[in-house]
Amino acid sequence: MAVTPAANALAASSSARPVTRSERSAIMAAFTANDGSSSEVHGVYVSRSNSSLAVVCVRTPEAGSQAYVFSHSRRSWRYATSGPVGRAGNTTDRRLEQACG
């Protein structure tokens with residue numbers, strides 16, 4: 001997936017930043033282990049204030065925009081929670097979800 005300038009601008013204006021290549025690889029491995037498909041992913045971001053939190057942004061025709069929140073511990077990313085953008089997790093997670101739009 002290519003990150004567009006608009007996606008970078010959105011992430012820069014929120015509490016998230018675009019992931020590095022190595023972060024993306026690890027987060028997407030955790031995402032596909034839980035979800036099974038990366039075809040509808042439109043963004044992956046890491047929290048600026050807490051680099052152990054990440055969000056995978058997914059858009060589907062059935063469910064609309066969804067946020068999948070992951071936490072990093074012990075050298076791996078683990079699924080934490082998911083749901084509609086803005087409602088997937090606690091207050092910290094919700095600020096991170098803003099990157100999903």
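Strand pairing and nonpolar cores

Modeller: In this predicted model, strand 3 (residues 53-60) and strand 4 (residues 64-73) pair in the antiparallel sense over eight bridges.

Colleague: What makes strand 3 and strand 4 a pair?

Modeller: Two strands pair if DSSP finds at least two bridges between them, and strand 3 and strand 4 have eight bridges, so the definition is met. Within this pairing Cys57 stands opposite Ala67 in strand 4, and the two strands form a hairpin with three residues between them.

Colleague: How do you know that strand 4 and strand 5 pair, and what lies between them?

Modeller: Strand 5 covers residues 76-84 and is joined to strand 4 by eight antiparallel bridges; because at least two bridges are required, they count as a pair. His72 stands opposite Trp77 in strand 5, while the hairpin has two residues between the strands, and Arg74 in its turn has a positive phi of about 50 degrees.

Colleague: Why are Ile27 and Phe70 called members of a nonpolar core?

Modeller: Such a core is a set of buried residues of listed types, Ile and Phe among them, joined through side-chain atoms within 4.5 Å. Ile27 and Phe70 belong to the largest such set, of 14 residues, and are among those that touch the most other members, together with Phe31, Val41, Val44 and Val56. Helix 2 (21-35), strand 2 (41-47), strand 3 and strand 4 each supply at least two residues of this core, with the largest share, four residues, coming from helix 2.

Colleague: Which residues does the second, separate core include?

Modeller: Among its 10 residues are Leu53, Cys57, Ala67 and Cys100.

Terms used: Residues numbered from 1 in each chain as written. Predicted model: local features only at pLDDT ≥ 70, side-chain atom pairs only at ≥ 80, totals over all residues. Heavy atoms only, no water. Buried < 20%, exposed > 50% of the residue type's maximum accessible area, 1.4 Å probe, protein only.
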